[in-house]
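Hello,

Here is the structure I promised to pass on. Please open it first, then read my notes below.

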Amino acid sequence: MQLLVNIIVLSSIYALIACGYVLIYRVSRVLNLAHGELMMVGSYLLLTTAWMFAGSPVTAIASAVVLSLTVGVLVYLFLMRKMTGEMVLAAVLTTVALGILLRGLMVLIWSAQTQYPAQALGFSNPAIALPGGARISLFAAILIGVTILTYTSLFIFLRFGAWGVRMRAAGQNPLLAAQRGINLHAVYALAWGLSTLTGALAGMLISLDSGLTETMVIIGLKAFPAALVGGLDSLVGAIVGSLIIGACEVLAIQYIDPLLSDVIPFVVLIAFLIVRPWGLFGTREELDRV
């Protein structure tokens with residue numbers, strides 16, 4: 001039972017991060033390789049707001065969420081907007097440079113020491129007993145709930161929301177969408193904002209559960225294979241891919257060697273790239289455009 005709980009928790013982490021990769025790629029066809037760093041920025045923003053609003057955790061969390069969304073929008077407006085119309089490779093390399101820059105700035109501003117936002121907010125993280133002798137921490141359980149809520153909200157937003165429909169239209173045919181009066185820059189900025197927000201939520205909950213270190217970037221990077229395995233243009237694929245990667249990683253840790261935890265996601269990715277390079281729910285047409 002504990003093994004199943006571990007798989008669900010890890011898969012939820014990867015799914016919450018992976019949907020950020022999917023959102024940006026689905027709308028603008030850009031692979032955001034700075035997503036792990038943007039996730040960490042959200043965690044450090046939570047730590048900062050916890051210091052600023054000591055004694056008011058709700059205000060601190062709400063402020064961190066708003067700031068994370070703003071960071072994503074600003075990244076597009078002041079950096080990625082310049083890449084519109086350029087080669088896809090140029091945009092991808094820009095995100096790589098952005099990630100390196102953010103990583104250095106975070107060390108300079110907040111240092112490389114392990115931080116504990118939960119302590120700054122005055123939160124405890126008790127273990128919850130489950131049937132079968134399994135246990136789960138409070139923030140891990142909250143993370144699962146937030147992941148379910150996030151995907152449900154995204155499905156509803158993209159299917160019925162006016163801006164969600166605009167995002168889908170821009171992703172399918174940006175030229176036609178622009179001709180129909182859709183503001184592509186506003187759509188792309190929204191996609192970057194939502195992507196950064198979902199990643200930041202994952203980072204915040206991970207830091208509340210186990211602390212905040214600069215190695216959190218690795219978790220963001222390990223969620224990338226989950227998005228690719230499921231299909232970069234599919235939110236459903238991100239969920240399935242996260243379950244596959246999470247299950248393989250937990251089983252490898254349990255029955256083979258814990259040192260394989262950072263390797264297994266990429267081993268699975270390579271296997272899928274050989275068999276089905278466009279992912280389980282991706283399309284050949286989208287792959288050909290990368």
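**What I found**

Start with Y21: this residue is buried, with a relative accessible area of 4%. Please keep in mind that the model is predicted.

Y21 belongs to one of the aromatic pairs. The search covered the whole structure and found five of them. A pair of aromatic rings is described by two things: the distance of the centres and the angle of the planes. For Y21 and F224, the ring centres are 5.1 Å apart and the planes stand at 50°. Planes under 30 degrees apart would count as stacked and over 60 as edge-to-face, so this pair is tilted.

Where do Y21 and F224 sit in the chain? Y21 is in helix α1, which covers residues 2–28. F224 is in helix α10, residues 216–230. The two are 203 residues apart, so the pair links distant parts of the chain. F224 is buried too, at a relative accessible area of 12%. Both values fall under the 20% cut-off for buried.

A second pair is Y151 with F155. Here the ring centres lie 6.2 Å apart, with the planes at 45°. That makes this pair tilted as well. Its setting is local: both residues lie in helix α6 (residues 138–160). They are four residues apart, about one turn of the helix.

Is each partner buried or partly exposed? Y151 is buried, with a relative accessible area of 4%. F155 counts as partly exposed, at 35% relative accessibility.

**The whole chain**

Now the overall picture. The protein chain has 13 helices and two strands. Its C-alpha atoms fill a box of roughly 55 × 45 × 35 Å along the principal axes. What radius of gyration would a compact globule of 290 residues have? The expected value is near 19 Å, and the protein chain has 19 Å, so the two agree.

Contacts reach far along the sequence. Take those between residues at least 6 apart: 74% join residues at least 24 apart. The pair of Y21 and F224 spans 203 residues.

Of the 290 residues, 48% count as buried. The chain exposes about 13600 Å², and carbon and sulfur atoms supply 69% of that area.

Last, the charges. There are 14 positive and 11 negative ones in the protein chain. Their mean positions are 13 Å apart.

Best wishes

Technical notes. Residues are numbered from 1 along each chain as its sequence is written. This is a predicted model: local features need pLDDT of at least 70, side-chain atom pairs count only at pLDDT 80 or more; totals for chains, interfaces and linings use all residues. Side-chain values use heavy atoms; hydrogens and water are left out. The radius of gyration is taken over C-alpha atoms; the globule rule is 2.2 Å times the number of residues to the power 0.38. Buried means under 20% relative accessible area, exposed over 50%, partly exposed in between (1.4 Å probe, protein chains only). Contact means heavy atoms within 4.5 Å. Accessible areas come from the Shrake-Rupley method with a 1.4 Å probe; for residues, only the protein chains shown count as cover. Lys and Arg count as positive and Asp and Glu as negative; His and the chain ends are not counted. The place of a charge is taken as NZ of Lys, CZ of Arg, CG of Asp or CD of Glu. Rings of Phe, Tyr and Trp (its six-membered ring) pair if their centres lie within 6.5 Å; planes under 30 degrees apart count as stacked, over 60 as edge-to-face and the rest as tilted.
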